[in-house]
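Reader: I have a chain on my screen and some questions about how it is put together. Can we go through them one at a time?

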Amino acid sequence: MSYYHANNVFDYKVTFKHDENGKVIEENGYRSKGGLNHRSKLKYDSKNNLIEKNDFNPKGELKWKFTYKYRKEDSNGNWLEETILKDGKPISVIERVISYY
């Protein structure tokens, strides 16, 4: 995936690595002048829910660790409440409603 400025000048590129199930397990961001800007590694649970995302700087040092917790599920096993923690501190709670037809 590439990002461009309004004047069509290249700005940023992101590449993805997938597992055998098609889930993104690694994401690499590159600036227009080249060189790695960031790397993220992602982990999933047995239901294919994202449970962890670790962001690294270009030197490979951990910048942030995001953890995803799922508290409520509907009768089909889909999560209804997700809490996102950054470095162990809650930063967001997402509640969703799923309608089945």
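Author: What follows is a set of short questions and answers on this chain, which is a predicted model.

Reader: How many helices and strands does the protein chain have?

Author: Read along the sequence, the pattern is β-β-β-β-β-β-β-β. The count for the protein chain is zero helices and eight strands.

Reader: What share of the residues counts as buried?

Author: The protein chain exposes about 7,300 Å², and carbon and sulfur atoms supply 48% of that area. The chain has 101 residues. The buried share of them is 27%.

Reader: Which residues make up the largest nonpolar core?

Author: This core has five residues. One of them, Ile 84, touches Phe 66 and Tyr 68, and its other contacts include Pro 90, Ile 91 and Ile 94. Phe 66 and Tyr 68 belong to the core as well. The full set is Leu 42, Leu 50, Phe 66, Tyr 68 and Ile 84.

Reader: In what sense do E3 and strand E4 pair, and over how many bridges?

Author: E3 covers residues 24–31, and E4 covers residues 36–44. Gly 29 has a bridge partner in E4, His 38. The two strands pair in the antiparallel sense, over five bridges.

Reader: Which residue takes a positive phi in the hairpin of E3 and E4?

Author: The hairpin has four residues between the strands. One residue there has a phi near 90°. That residue is Gly 34.

Reader: Is Asn 28 buried or exposed?

Author: Asn 28 is found in strand E3. Leaving aside neighbours within four places in sequence, its contacts are Lys 13, Val 14, Thr 15, Leu 36, His 38 and Arg 39. Its relative accessible area is 7%, and the cut-off for burial is under 20%, so Asn 28 is buried.

Reader: With which side chain does the side chain of Asn 28 make a polar contact?

Author: Arg 39 is among the residues in contact with Asn 28. The polar contact runs from side chain to side chain, at 2.6 Å. The partner is Arg 39.

Reader: How many salt bridges does the count come to?

Author: Side chains of opposite charge can pair when their charged atoms come close. One such pair is Lys 43 and Glu 52, at 3.4 Å from N to O. Another is Lys 65 and Glu 52, at 3.6 Å. The count comes to six.

Reader: Is Glu 52 buried or exposed?

Author: Glu 52 meets both Lys 43 and Lys 65 in salt bridges. Lys 43 is partly exposed at 48% relative accessibility, and Lys 65 is partly exposed at 34%. Glu 52 has a relative accessible area of 15%, so against the 20% cut-off it is buried.

Reader: How many residues apart in sequence are the parts that Glu 73 and Lys 47 tie together?

Author: Glu 73 forms a salt bridge with Lys 47, with the closest N and O atoms 2.5 Å apart. Glu 73 lies in strand E6, while Lys 47 lies in the loop between E4 and strand E5, so the pair ties together parts that are apart in sequence. Glu 73 is partly exposed at 41%, and Lys 47 is partly exposed at 44%. The separation in sequence is 26 residues.

Reader: What separates the C-alpha atoms of Asn 76 and Tyr 100?

Author: Asn 76 is found in the loop between E6 and strand E7. Its side chain makes a polar contact with the side chain of Tyr 100, at 3.5 Å. The two residues are 24 residues apart along the chain. Their C-alpha atoms are separated by 9.9 Å.

Reader: What is the phi of Asn 48?

Author: Most residues other than glycine have a negative phi. Asn 48 is not a glycine, yet its phi is positive. Asn 48 lies in the loop between E4 and E5 and is partly exposed at 39% relative accessibility. Its phi is about 65°.

Reader: Where is Asp 87 found?

Author: Asp 87 has a positive phi near 50° and is a residue other than glycine. With a relative accessible area of 45%, it is partly exposed. Asp 87 is found in the loop between E7 and strand E8.

How values were computed
Residues are numbered from 1 along each chain as its sequence is written. This is a predicted model: local features need pLDDT of at least 70, side-chain atom pairs count only at pLDDT 80 or more; totals for chains, interfaces and linings use all residues. Side-chain values use heavy atoms; hydrogens and water are left out. Buried means under 20% relative accessible area, exposed over 50%, partly exposed in between (1.4 Å probe, protein chains only). A polar contact is a pair of N or O atoms within 3.5 Å; within protein, one must be able to donate a hydrogen and the other to accept it, and residues adjacent in sequence count only if both atoms are side-chain atoms. Contact means heavy atoms within 4.5 Å. A nonpolar core is a set of buried Ala, Val, Leu, Ile, Met, Phe, Trp, Tyr and Cys residues joined through side-chain atoms within 4.5 Å. Two strands pair if DSSP finds at least two bridges between them. A salt bridge is a side-chain nitrogen of Lys or Arg within 4 Å of a carboxyl oxygen of Asp or Glu. Accessible areas come from the Shrake-Rupley method with a 1.4 Å probe; for residues, only the protein chains shown count as cover.
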